[in-house]
Amino acid sequence: MRLGLRKFGQPLPSRVKSGIFFLAVVSLACFGLLMIRLWSLQVIRGEEFHQRSENNRISIQVIPSPRGLILDRKGEVLATSRPAFHLALLPYAVPDLPGTLELLGPRVGLDMEETRARLERANAFKPVVIRHDIPREAVAYLEEHRLQFPGVLLQVEPLRNYPAKVQPAHVLGYVGEVNEAEIRQKDRSYRLGDFIGRQGLERDFEDFLRGVPGRRWVEVDAFGREQRVLKEQPYGPGKNLILTLDASLQEKAESLLGDTVGTIIAVDPRNGEVLAMASQPRFDPNAFAGGISVNAWKELTSDALHPLEDRATRGQYPPGSVFKIAVAAAALQEGAIKEDEELFCPGHLVFGGRTYRDWRPEGHGWVNIHQALVESCDVFFWKVGLRLGIDAIARHARAFGLGDSTGLRDQGEKEGIVPSPEWKLENIGEPWYPGETLSASIGQGYTVVTPIQMAVLISAIANEGTLYEPRLVLQVEEPDGRVIQTFGPKMRGRLPIQPQYIDMIRRGLRGVVNEERGTGSLARIQNIQVAGKTGTAQVIRLRKRHDQKEQETRPRELRDHGWFVAFAPYENATIAVVVLGEHGGLAGGRYAPLAREVIAHHLNMSREEPGSEPASDGEGGHP
Amino acid sequence: MIDRRLLANMDWVLVGTVLIICLTGIFMVYSATYTKIEGALSGLSLRQLYWLGYGLAGLTVLLFLDYHLFQRYGYLLFFLSLLLLILVPITGRIVSGAQRWLIFGPFRVQPAEFAKLALILALAKYFSETAREPPLRLRDLALPVCLIGVPAFLVAAQPDLGSALLLIFLGGSILVVAGLRRGTLLTLALGGMSLAPIGWFFLKGYQKQRILTVFYGAGADPLGAGYQSLQSQIAVGSGGIWGKGLLAGTQSQLHFLPEQHTDFLFAVFAEELGFLAVAALLALYCLLLVRGAQIAYRSRDLFGALVALGVVASIGLQTILNVAMTTGLIPIVGLPLPFMSYGGSALVSQLLGVGLLLSIRMRRFVNY
């Protein structure tokens, strides 16, 4: 039958009623299920979800802490931080992206292709840095025209800055962005993008300089847009280092070196404080501050002269005649030579069927130990060396601190070599030949030292027998000047040499500079007694020596090294200097003027107020 | 026009319940779209208030009309709604990757919402006039299946998966009540299930992508569809017993919730007002359903009963599916919460449905 309109009051068929009833019951059952689910989410797990919603909305940002300052002993700033402005875009907030890039491009030097590629990959709601460390003028322009550039941001980050004209690059070192491996291995408190000291003091004193980054709890929305700052924990700035360096003397040393490959070190012999330490060629540590470019890094590392190497602590050179100081001390102490005993120098020595030639072919004649030091007579020291024997020479060389790192650096310092028969057997696998004792006696052969070891050696003579560990840092201070840690003089011991013998050597060294036949006469200063010792270290053994023209025709790496070590004033010395010219092909005496300039500068500066005319320009040496 | 006997049968409880839910909804839309910059009554909640006005006006008009008018024009209205659905891909407006809207002057209309009402009327007409005495055989279902399938297909193609599913469930509920043999029901259910994976394959590719992006909103989210379900559960759960307070829901105010003023409005409600308010709200919906079911149950004729049942089923299904989706019980299908979620077409069509319910109840003793 067909269903038409039902009549008034006629009840619905019962199956329809039960269907409606059934659906209603099912619906209510569904609501019951929903209530159970809501109870579980909101009541039972409410706390857990509340925590998760908090984690959602709060993002913790790190506020970089500027590194501590590095100051010289007089408070001159050698390393500081400067605000670097990074240009960033918040893509979603930039109405006209191509137009904005067009405008910004030429002003900040954008790589358009790369910038576009970077923006395409970026999250539109997070700032994208498109150019690091833009120039000041660009910052000023953007600040002025802020309204024209919606969505363009300047992010400020403290970057390392070395303000001095001439930086003691190898002393300070440099900083670089920490990498993942370093975070994993060393310290989990670093985050990617943080800077870490990579060389020099920046590395050795990283824990002081670094400081504690601050934190900022920011409420963000789902797109990472900042809503408001909930809490802020300020950063703890890094600690300041006060160095032993004298910036003015450092600058003097750097400028004296000029293009000369080598190093100049000045130490206070009374306590081991390093006053100046220059190494040439050097690098610009500022180039590393914002992350060094690949090209610049390649250039530095592929340079044949290795500008990143610190020659003062990592360069190893034969000491040449400077070593005669140690041999002389050993010989006197061991009784191998008497104070006034004279030996004859004919200009050569025949030993083991071979002829060894003195640097002065005509010979020095009859010389005692004083004369031998003054004139740097090779034959005398050969003979003395043979009397001493290699073991005694090695023992005394070690007593001067040779063959061991000086302790200036925490790591990376070279130790040099003090050869002995055991050393040779172990490292070369051959027995010691007696002829090699001759080479060792005048600082040739296997013996190599670092310039900083030479500084310790000459300081010990200057202060009449005490070995000090050289130091670069005087103290560590809080930014407000409160001293946290002071580094006092550190004695490594005393020379095992009688005072009267040390005195004899001192007199000899004074003679080197001040006596007529002295090899270091170019270091002479009016009114100040300078003592010193020359050294010319051969790189190759030659039958004939002392031929300047011949040196210049050799390849660079085969030319001689020249040494000059000195201290002044003679009594109560306040400065000890080491000058090394690497492969300069010049005799050590030719570097004496550099030492003289350093000494004169230092003594004038310490005697008078900075800025006054020097009392003596140091002229007075004899050619 | 409307005599006192009719007014005496007005269901004031139902009207009150609906109004409370609607006003709560406007508050929540306000909260969900609140920004510190715009402040005050932001555009959307105000617009929803206007839509509430239009809907109540439409509801009132329906009170004056005998619902049998819709029995007469049931198929016509159905074809009109199909026409609108067909117009959508031709002239419609694309929003968030889906083409769902038609523009009529100042109004943006979502024909899918009205298709639900039209389907209810057409099915009720068919079962009360054309169909033979139950139990029905399978071949008697050819027309009803077409009545359900055609609009469902058109809506799914927009793509609006949620509304398409709702049309199918809604039609299914009416079929159940209109009376099917168990065997027929089983065949239909099995057929539906076997078609489902085919449908999924059909949706694969760009359409599936579009479906997903519909839920993401403008800032296409890289973290995947699971992200929204999780964020929604976090929002609901973090509300706890007492809620975080109006405008203080971090999940919604900071936009961790997707589509917070439409499909996920319930999560905003749950986060800001807490479990007790949620229980009260669901109780209101239950009350609404019970009153509606009562109207269907006591209806004077089969057409009225089926229309009332269709309206109630439509509201109940959407509520259950929306809350289940928001609380992570089922995957996310885009279905708004009836009477509360922002959306003019939905609100107006749901209020028209309530108008039909009231009209059916008022006339249950009337003789013509």
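Where in chain A is the place of Pro281(A)? Pro281(A) sits in the loop that runs between β12 (273-280) and α11 (286-289) of chain A, and the peptide bond leading into this proline from Gln280(A) is cis, with omega near 0°. This is a predicted model, and such details of the backbone are therefore features of a prediction. A second cis bond joins Ala568(A) to Pro569(A), here with omega near -15°, and Pro569(A) belongs to the loop between β22 (561-568) and β23 (575-581) of chain A.

The loop between β22 and β23 of chain A also holds Asn572(A), which has a positive phi of about 50° although it is not a glycine. Ser376(A), likewise not a glycine, has a positive phi of about 60° and lies in the loop between α15 (369-375) and α16 (378-388) of chain A. These features deserve a mention because most residues other than glycine have a negative phi, and most peptide bonds are trans. Are Ser376(A) and Asn572(A) buried or exposed? Ser376(A) is buried, since 30 other C-beta atoms lie within 10 Å, whereas Asn572(A) is exposed, with 11 other C-beta atoms within 10 Å.

From these single residues we can turn to chain A as a whole. Its secondary structure comes to 23 helices and 23 strands, and of its 623 residues, 43% count as buried. Among the contacts in chain A with a separation of 6 or more, 73% join residues that are 24 or more positions apart.

The interior can be followed through its nonpolar cores. In soluble globular proteins, nonpolar side chains tend to be buried together. In this model the largest nonpolar core has 122 residues, and those with the most contacts inside it are Ile264(A), Ile265(A) and Val577(A). Helix α20 (residues 451-462) of chain A supplies the largest share of this core, with 9 residues. Leaving aside residues up to four places away in sequence, Ile264(A) touches Ala253(A), Leu256(A), Leu257(A), Ala276(A), Ala278(A), Val577(A), Val579(A), Leu594(A) and Val598(A). A second, separate core of 111 residues includes Leu34(A) from chain A together with Phe70(B), Leu273(B) and Tyr285(B) from chain B.

The two chains also meet in a contact that takes 49 residues from chain B and 37 residues from chain A. On the side of chain B that touches chain A, the elements giving two or more residues are α6 (111-130), α8 (161-179), α11 (225-238), α12 (250-253), α13 and α14 (302-326) of chain B. Of these, α13(B) gives the most, with 12 residues. Sorted by class, this side of chain B has 28 nonpolar, 17 polar and 4 charged residues.

Within chain B, helix α3 (residues 43-64) shows how one helix can be read from its burial pattern. This helix of 22 residues reaches 33 Å from its first C-alpha to its last, close to the 32 Å expected at 1.5 Å a residue. Its buried residues are Ser45(B), Gln48(B), Trp51(B), Leu52(B), Gly55(B), Leu59(B) and Leu62(B). Seen down the axis of α3(B), the buried residues fall within an arc of 115°, so they line one face of the helix. The face turned away from that buried side carries the exposed residues Gly43(B), Tyr50(B), Gly53(B), Val61(B) and Phe64(B). What covers the buried residues of α3(B) includes α2 (12-33) and α15 (344-362) of chain B.

Helix α7 (residues 142-156) of chain B offers another example, for its 15 residues should span 21 Å at 1.5 Å a residue, and its end C-alpha atoms are 20 Å apart, which agrees. The buried residues of α7(B) are Pro144(B), Leu147(B), Ile148(B), Pro151(B), Ala152(B), Leu154(B), Val155(B) and Ala156(B).

Finally, there is the question of confidence. Chain B averages a pLDDT of 83, and 81% of the residues score at least 70. In chain B, confidence is highest in helix α13 (residues 265-297), at a mean of 95, and lowest in helix α10 (residues 206-216), at 46. Over residues 213-223 of chain B the pLDDT stays under 50, and for this stretch the model has 21 contacts beyond four places in sequence. The model scores ipTM 0.90 and pTM 0.66.

Key:
Residues are numbered from 1 along each chain as its sequence is written. Chains are lettered from A and ligands numbered from 1 in the order in which they are written. This is a predicted model: local features need pLDDT of at least 70, side-chain atom pairs count only at pLDDT 80 or more; totals for chains, interfaces and linings use all residues. Helices (H or I, at least four residues) and strands (E, at least two) are DSSP runs, numbered from the N terminus. A residue is buried if 20 or more other C-beta atoms lie within 10 Å of its own, exposed if 12 or fewer, and partly exposed in between; C-beta atoms are placed from the backbone. Two residues are in contact if their C-beta atoms, placed from the backbone, lie within 7 Å. The expected span of a helix is 1.5 Å times one less than its number of residues. The arc is that of the directions from the helix axis to the C-beta atoms. A nonpolar core is a set of buried Ala, Val, Leu, Ile, Met, Phe, Trp, Tyr and Cys residues joined through C-beta atoms within 7 Å. pLDDT is the predictor's confidence in each residue, from 0 to 100. Ala, Val, Leu, Ile, Met, Phe, Trp, Tyr, Cys and Pro count as nonpolar, Asp, Glu, Lys and Arg as charged, and the others, Gly among them, as polar.
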